[in-house]
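Thanks for coming, everyone. I'd like to walk you through a structure that is new to most of you, so please have a look at the screen.

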Amino acid sequence: LRGPDEDPLSQGLLAEAARSWHLDAFALAEATGNRPLQALGLHLLTHSGLVEYFGIDVVRLRRFLAELERGYDDGNPYHNRV
């Protein structure tokens, strides 16, 4: 099973998000199968070196971010995972 951050399109969007404030959140949501929080959180924590610095287990981190994302209601247009 591939993670939402492993698709080539999402890789480009995530790389752009890491180096600037310009992020197309809707394109990222579409590219990650509506899992933008998981993809961006994992990418930023890894890219910044925090995963390695703190010795964070990536599988657990991925599960944690997935659980956070499950708590967002897509029906609420003002506070959702996008």
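I'll go through the core, a few single residues, the salt bridges and then a patch on the surface.

First, some ground rules. What you see is a predicted model, so to speak: local features need pLDDT of at least 70, side-chain atom pairs count only at pLDDT 80 or more, and totals for chains, interfaces and linings use all residues. Residues are numbered from 1 along each chain as its sequence is written, and side-chain values use heavy atoms, with hydrogens and water left out.

Okay, the core. Which residues make up the largest nonpolar core? There are five of them: L13, L14, L28, A31 and A39. By nonpolar core I mean a set of buried Ala, Val, Leu, Ile, Met, Phe, Trp, Tyr and Cys residues joined through side-chain atoms within 4.5 Å. Buried, here, is under 20% relative accessible area, exposed is over 50%, and partly exposed is in between, with a 1.4 Å probe and protein chains only. Two elements give two or more residues to this core, namely α1 (8-19) and α2 (25-31). When I say helix, I'm talking about DSSP runs of H or I with at least four residues, numbered from the N terminus. As background, nonpolar side chains tend to be buried together in soluble globular proteins.

Next, have a look at H43, over in helix α3. Is H43 buried or exposed? H43 counts as buried because its relative accessible area is 17%. Setting aside residues up to four places away in sequence, H43 touches L14, A15 and A18. Contact, by the way, means heavy atoms within 4.5 Å. And L14 should ring a bell, as one of the core residues I just listed.

Staying in helix α3, we also find L37. With 28% relative accessibility, L37 is classed as partly exposed. What does L37 touch, not counting residues up to four places away in sequence? The list is L65, L68, E69, Y72 and R81. There's also a C-alpha distance to point out: L37 and A66 are 29 residues apart along the chain, and their C-alpha atoms are separated by 7.9 Å.

Y72 was on that list, so to speak a good place to go next. You'll find Y72 in the segment after α5 (58-70). Its relative accessibility of 29% makes Y72 partly exposed. Leaving out neighbours within four places in sequence, Y72 is in contact with L37, H79, N80 and R81. The C-alpha atoms of Y72 and V82 are 9.2 Å apart, with the two residues 10 apart along the chain.

Now a backbone detail. Most residues other than glycine have a negative phi. N34, though, has a phi near 65°, a positive value in a residue other than glycine. Where is N34? In the loop between α2 and α3 (36-47). N34 is partly exposed, at a relative accessible area of 28%.

On to charges. How many salt bridges are there? The count is two, where a salt bridge is a side-chain nitrogen of Lys or Arg within 4 Å of a carboxyl oxygen of Asp or Glu.

One is E16 with R19, where the closest N and O atoms are 3.0 Å apart. Both sit in helix α1, three residues apart, about one turn of the helix. E16 is partly exposed at 27%, whereas R19 is exposed at 60%.

The other pairs R70 with E67, with the closest N and O atoms 2.9 Å apart. These two lie in helix α5, again three residues apart, about one turn of the helix. R70 is exposed at 56%, and E67 is partly exposed at 49%.

Last stop, the aromatics. The structure holds one aromatic pair. That pair is Y53 and F54, edge-to-face, 4.9 Å centre to centre and 90° between the planes. For the rule, rings of Phe, Tyr and Trp (its six-membered ring) pair if their centres lie within 6.5 Å; planes under 30 degrees apart are stacked, over 60 edge-to-face, and the rest tilted. Both are exposed, Y53 at 66% and F54 at 56%.

Y53 and F54 also join L50 and I56 in a nonpolar surface patch of about 440 Å². Patches take residues with over 30% relative accessible area and no salt bridge; like charges are joined within 9 Å, and nonpolar side chains (Val, Leu, Ile, Met, Phe, Trp, Tyr) within 5 Å. Areas come from the Shrake-Rupley method with a 1.4 Å probe, and for residues only the protein chains shown count as cover. L50 belongs to helix α4 (residues 50-54) and is partly exposed, at 34%.
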